[in-house]
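Subject: Structure handover

Hello,

Here is the structure I promised to pass on. Please have it open while you read; my notes follow below.

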Amino acid sequence: MLQRNARYNILNAVAMAASINLINQYVGIFAVKLGATDLQLGYLSSWPNLASVIATLGAAAAVARARSKQRLIAAIFLLGRAAALGAAAVPWFPESARVWALIGFWVLAVFPNSAAGTAMQSFIADVFPGTSERGRAFATRNTWTTGAGILLIPFVGWALDSLFPYPLGYQIMFVASFFVALWEIYFFLKMKEPQTDAKREAAAAKLPAERVDYRTYLRTFSHRPFLLFVLCSVPFHFAWQIAWPVFTRYQVTDLHMNNSWLSWMTVANQLGQMAVFPLWARWGERYGNTMMLAVAAANLATAPFLTALATTPVWLLLINVWTGFGVAGVVLLVLNNQMDVSPAERRPVFLAVHAALVSISATLAPLVGAFLMSTMGTRRALFFSSGPRTLTAIAFLILARYLGQGKGSEAPKANRT
């Protein structure tokens with residue numbers, strides 16, 4: 001069963017990457033072409049995350065009570081991917097309403113996908129229960145996801161700029177994203193859910209469904225390892241998210257990048273990621289996930305500063321390879337840290353609380369970024385953004401030393417709570 005799950009985990013990852021990369025990289029430039037203001041670019045990042053707070057917590061409660069996590073997660077994903085069909089109709093809206101319509105459909109897309117994504121992490125952690133086994137599964141998944149994006153993204157950027165007229169290209173990509181998502185969901189359903197044998201189902205049927213309410217979420221903070229991680233992770237994500245709309249504006253308006261250039265920026269970043277995913281997994285096992293997360297966060301602290309120094313797209317390509325190393329570490333190690341500090345029997349709730357807090361942060365941070373752009377300009381806003389990122393990297397370092405990590409040996413058992 002483990003080998004079967006590993007195979008379908010990879011196929012699901014590839015299909016998910018294809019579905020996402022057909023649209024996610026280009027929503028920002030699509031909004032700019034539609035005439036989005038700085039504040040609307042902030043809303044494009046902010047409002048979907050506000051909606052996902054409710055979705056994530058609600059999904060955690062639903063998953064905790066569900067007899068089959070798998071079928072529920074698949075249904076939620078299907079709803080989110082279907083919102084892409086609505087986004088394809090945006091150019092047919094009145095001109096004054098197009099940007100707002102795009103934001104609205106993007107909210108509808110992120111709303112269920114955020115919920116399903118958190119629940120899916122918990123599901124895959126159940127499918128691959130061992131610590132090292134789970135780390136390798138997530139690293140392999142991320143490697144294949146990144147590789148699929150590298151192959152697809154340049155074609156999509158070229159097609160949007162050269163093959164299809166505007167806005168038809170964007171409409172085609174939104175529709176294609178939905179149909180690829182059907183394969184993504186199919187492969188996910190082919191993974192074998194651990195709790196589906198007859199004896200377990202019969203036993204579960206005799207037990208009352210677990211009750212999840214606001215007190216369940218609040219009790220997560222009484223678990224000290226989780227609380228300490230949250231106190232570092234949420235400020236880190238806030239510092240990371242501030243620069244999101246700033247990057248979009250700087251690349252499109254200041255450096256005059258088209259879809260093809262944005263594609264190659266993403267490819268450069270993902271090449272950097274793919275090269276080091278397995279390394280981050282091994283380093284996390286050896287030195288501790290929190291210690292290595294501090295290193296990855298320090299790498300991301302350099303991203304806004306170096307981006308502001310880049311005056312041509314070519315230099316920014318090299319910078320994106322460098323920051324890809326850090327992105328890979330953050331993506332993998334934030335997840336591994338969550339698994340470390342979350343009790344297995346209540347993991348969906350702990351993951352949901354962390355995701356909800358990160359979503360709240362992502363609601364506010366892009367608006368701060370939009371404010372910084374309007375008051376100090378794009379380049380100065382980028383320089384400023386490196387400061388908070390550096391402070392949060394230091395916070396992870398302090399937490400790692402508190403947990404006894406980083407002494408050149410395998411991560412201590414105390415961090416595997």
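A residue is called buried here when its relative accessible area is under 20%, exposed when it is over 50%, and partly exposed in between. Keep in mind that this is a predicted model.

Thr378 is a good place to apply that cut-off. Its relative accessible area is 13%, so Thr378 is buried. The residue sits in helix H16. Leaving out residues up to four places away in sequence, Thr378 touches Val246, Arg249, Tyr250, Asp254 and Met373.

**Overall picture**

The protein has 16 helices and zero strands. It has 417 residues, and 56% of them count as buried. Take the contacts with a separation of 6 or more: 87% of them join residues 24 or more positions apart.

**Salt bridges**

How many salt bridges does a search of the whole structure find? It finds two.

One pairs Arg249 with Asp38. Their closest N and O atoms are 2.7 Å apart. This pair links distant parts of the chain. Arg249 is in helix H11, Asp38 is in helix H3 (residues 38-65), and 211 residues separate them. Arg249 has 13% relative accessibility, so it counts as buried. Asp38 comes to 25%, so it is partly exposed. Arg249 is also one of the residues that Thr378 touches.

Another pairs Arg81 with Glu184. Here the closest N and O atoms are 2.9 Å apart. These two also come from distant parts of the chain, 103 residues apart. Arg81 belongs to helix H4 (residues 69-87) and Glu184 to helix H7 (residues 168-190). Is Arg81 buried or exposed? With a relative accessible area of 7%, Arg81 is buried. Glu184 is at 1% relative accessibility, so it counts as buried.

As background, side chains of opposite charge can pair when their charged atoms come close.

**H11 against H15**

The axes of H11 and H15 come within 7 Å and cross at roughly 45°. That angle makes H11 oblique to H15. On the H11 side, the contact is made by Trp244, Pro245, Val246 and Arg249. On the H15 side, it is made by Ala362, Pro366, Gly369, Ala370 and Met373. Three of these names should look familiar: Val246, Arg249 and Met373 also touch Thr378.

**Helix H10**

H10 covers residues 224-242. Does its length fit, and what span should its 19 residues give? At 1.5 Å a residue, they should span 27 Å. The end C-alpha atoms are 28 Å apart, which agrees.

The buried residues of H10 include Phe226, Phe229, Val230, Cys232, Ser233 and Val234. Phe236, His237, Ala239, Trp240, Gln241 and Ile242 are buried as well. What covers them includes helices H11 (244-254), H13 (289-309), H14 (313-341), H15 (347-376) and H16 (378-402).

**Nonpolar cores**

The largest nonpolar core has 59 residues. Ile73, Trp280, Val330 and Phe396 have the most contacts inside it. H14 gives the largest share of this core, nine residues.

Phe396 is worth a look alongside H10. Leaving out residues up to four places away in sequence, Phe396 touches Phe229, Cys232, Ser233, Phe236, Thr290, Leu293, Ala294 and Ala297. Among these, Phe229, Cys232, Ser233 and Phe236 are buried residues of H10.

Another core lies apart from this one. It has 55 residues, among them Ala51, Ile103, Val110 and Phe174.

**Two more long-range pairs**

Pro154 is found in helix H6 (residues 131-163). At 16% relative accessibility, Pro154 counts as buried. Its C-alpha atom is 6.5 Å from that of Ser260, though the two residues are 106 apart in sequence. Apart from neighbours within four places, Pro154 is in contact with Gly149, Ser263, Trp264 and Val267.

Arg7 lies in helix H1 (residues 2-21). Its relative accessibility is 43%, so Arg7 counts as partly exposed. The C-alpha atoms of Arg7 and Met191 are separated by 8.6 Å. Along the chain, Arg7 and Met191 are 184 residues apart.

Best regards

Conventions: Residues numbered from 1 in each chain as written. Predicted model: local features only at pLDDT ≥ 70, side-chain atom pairs only at ≥ 80, totals over all residues. Heavy atoms only, no water. Helix = DSSP H or I, 4+ residues; strand = E, 2+ residues; numbered from the N terminus. Expected span 1.5 Å × (residues − 1). Buried < 20%, exposed > 50% of the residue type's maximum accessible area, 1.4 Å probe, protein only. Contact = heavy atoms within 4.5 Å. Salt bridge = Lys/Arg side-chain N within 4 Å of Asp/Glu carboxyl O. Core = buried A, V, L, I, M, F, W, Y, C linked by side-chain atoms within 4.5 Å. Axes fitted to C-alpha atoms, helices over the stretch in contact; angles between N-to-C directions. Parallel < 35°, antiparallel > 145°, perpendicular 65-115°, else oblique.
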